Amino acid sequence: MSFTYRGLHATLDRHIVTGEEVDRQMERLRQQNPRIAVITDRPTENGDEVVLDYAGFCDGVQFPGGTAENQTLVLGSGMFIPGFEEQLLDKVCEEEVTVHVTFPEQYHSADLAGKAAEFKCKIHQIRVKTQYELDDTFAKEVGGCETFAEMREKLTQSLQSYTDERGEMDLQDRLLRQAADTLDFTPTDAQIEQELDEQMQNLSAQLAHQGLNLQMYCQFMNTTEDKLREEARPNAVQNVKIQAAIEQVISIENLEASKEEIGEAVALICRQNDMTLEQLKPYYDAQFEAAVVRSVLTSKVMKLIRDAAEITVTE
C-alpha cells in the first residue's frame with residue numbers, strides 16, 4: 001500500500017501578535033469588567049444596581065416564586081413587572097420598602113395575572129458600575145498584576161501563546177491531510193454512509209443545544225436532510241481516508257495509549273467541562289473509553305508526522 005507520512009513538507013506561517021491586537025483585547029476586557037463601586041452616602045437613583053431581598057404576597061398570602069434573597073436588580077432596566085423598580089428609587093441601604101404592583105393581564109402565571117400584589121423588600125446594597133481607566137488600578141483589580149505594563153506584557157504573551165497553539169494545530173491538521181492524500185485507499189460506500197450518519201448526528205446535537213432540531217434547521221436554510229448529506233459527502237470521504245491513515249500509522253509504528261496518557265486525557269476532559277472525575281463516572285463506559293483512546297492515539301500520530309516533517313517557518 002502506497003503511503004507517505006514521514007518527510008512531508010509544509011510551511012508554518014507564524015503570526016506575531018501586534019500592539020493593535022493587544023489594545024483591542026485590553027479594551028474588550030475593560031468592557032467585560034466594569035468597576036463596581038458601593039454607594040453609602042446617598043439614596044438610590046435610576047441606573048443604580050441594588051442587592052435586595054423580597055417576598056411577594058397576594059391577598060395577604062405569600063405566593064410561590066415571588067421570593068428571593070440577595071437578588072441583583074438595575075433600577076430602570078424594566079426587568080421586573082411595571083411599577084416595581086420605580087418604588088425602589090430614593091431609598092437607602094437596609095431600608096424596608098413595601099412595593100405595591102398589579103400583575104399584567106397577560107402574565108405567564110394564570111394564578112397571578114391581573115392581580116394586585118405587594119412585595120416586602122429590603123435593600124442591602126447600592127452599587128454603581130463605571131468604566132475602568134487603563135491604568136495600574138485596572139491591572140490590579142482585573143488583571144491581578146501590580147502595574148498596567150505588567151498586565152499588558154502578560155496579555156501579549158498569552159495572545160502569542162494562543163496564536164502559536166492555533167497555528168501549530170492547523171499545521172498538524174494540514175500534514176495529516178497531506179499524508180492521507182498519499183494513502184492508496186478507497187473508502188467503501190458503507191464507511192462513507194457511516195461517517196455521514198455520524199456527521200448528521202453531531203449536527204443534530206449541536207442544534208439541540210440551541211433549542212433547534214434538524215427539521216427546523218432545514219426549513220431555515222431552505223434545504224433538505226438529503227441535500228445536507230450530499231453536501232457533506234466530500235468531507236465524509238476525506239474523514240474516512242484520514243482515519244484510515246491514522247490507523248495505518250498506528251499499525252506501522254506500533255503505537256499504544258498508556259494508562260497514564262488515558263488518565264491525562266480524561267483529566268483534561270474534566271477540566272474543559274468543569275467536572276470532577278466523580279461527576280464523569282456515569283458517562284464513562286466502554287464506548288467513552290474507546291473514544292478517549294482514539295483521541296490519544298490520533299494526537300500521537302499527528303505529533304509523529306509533524307516531528308518527521310520538514311517545516312519552513314515564516315513570520
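Helices α3 and α6 are roughly perpendicular to each other in this predicted model, because their packing angle of about 90 degrees falls within the 65 to 115 range that counts as such. Helix α6 also packs against α9, at an angle of about 80 degrees. Two pockets and a set of aromatic pairs are worth a look as well, and here is a short tour of them all.

**Helix α3 against helix α6**

- Helix α3 covers residues 148-181 and helix α6 covers residues 225-253, and their axes lie 9 Å apart.
- On the α3 side, the contact is made by Leu176, Arg177, Ala180 and Asp181.
- On the α6 side, the partners are Gln238, Lys241, Ile242, Ala245 and Ile246.
- Sorted by class, this contact holds 5 nonpolar, 1 polar and 3 charged residues.

**Helix α6 against helix α9**

- The axes of α6 and α9 are 10 Å apart, with an angle of about 80 degrees between them.
- That angle is why α6 is described as roughly perpendicular to α9.
- From α6, the residues that meet α9 are Gln243, Ile246, Val249, Ile250 and Glu253.
- Facing them from α9 are Arg294, Leu297, Thr298, Val301 and Leu304.
- This contact divides into 6 nonpolar, 2 polar and 2 charged residues.
- If you are following individual side chains, Ile246 is a handy one to find: Ile246 takes part in the contact with α3, and Ile246 is also among the α6 residues that meet α9.

**The largest pocket**

- The largest pocket has a volume of about 540 Å³.
- Its lining is made of 14 residues, and those nearest the centre are Gln194, Glu195, Glu198, Asn239 and Gln243.
- Two elements, α4 (189-209) and α6, each give two or more residues to this lining.
- Helix α4 provides the largest share, with 7 residues.
- By class, the lining of the largest pocket comprises 3 nonpolar, 7 polar and 4 charged residues.
- Gln243 links two of our topics: Gln243 lies among the residues nearest the centre of this pocket, and Gln243 is also part of the α6 contact with α9.

**The second largest pocket**

- The second largest pocket has a volume of about 450 Å³.
- Of its 13 lining residues, Ala265, Leu268, Ser295, Val296 and Ser299 are the closest to the centre.
- Here the elements that give two or more residues are α7 (259-272) and α9 (286-307).
- Helix α9 gives the most to this lining, with 7 residues.
- The lining of the second largest pocket has 6 nonpolar, 3 polar and 4 charged residues.

**Aromatic pairs**

- Across the whole structure, a search finds 12 aromatic pairs.
- One of them joins tyrosine 54 and phenylalanine 84 in an edge-to-face arrangement, with 6.1 Å from centre to centre and 75 degrees between the planes.
- This pair links distant parts of the chain, since its members are 30 residues apart.
- Tyrosine 54 sits in strand β3 (residues 49-58), whereas phenylalanine 84 sits in the loop between β4 (61-74) and β5 (96-102).

Definitions and conventions
Residues numbered from 1 in each chain as written. Predicted model: local features only at pLDDT ≥ 70, side-chain atom pairs only at ≥ 80, totals over all residues. Heavy atoms only, no water. Axes fitted to C-alpha atoms, helices over the stretch in contact; angles between N-to-C directions. Helix = DSSP H or I, 4+ residues; strand = E, 2+ residues; numbered from the N terminus. Parallel < 35°, antiparallel > 145°, perpendicular 65-115°, else oblique. Contact = heavy atoms within 4.5 Å. Nonpolar A, V, L, I, M, F, W, Y, C, P; charged D, E, K, R; others polar. 1 Å grid on protein atoms, 1.4 Å probe; cavity = no way out; pocket = protein on both sides within 12 Å on 5 of 7 lines; lining within 4 Å. Points joined across faces, edges and corners; volume = space filled by probe spheres on them. Phe/Tyr/Trp six-rings, centres within 6.5 Å; stacked < 30°, edge-to-face > 60°.
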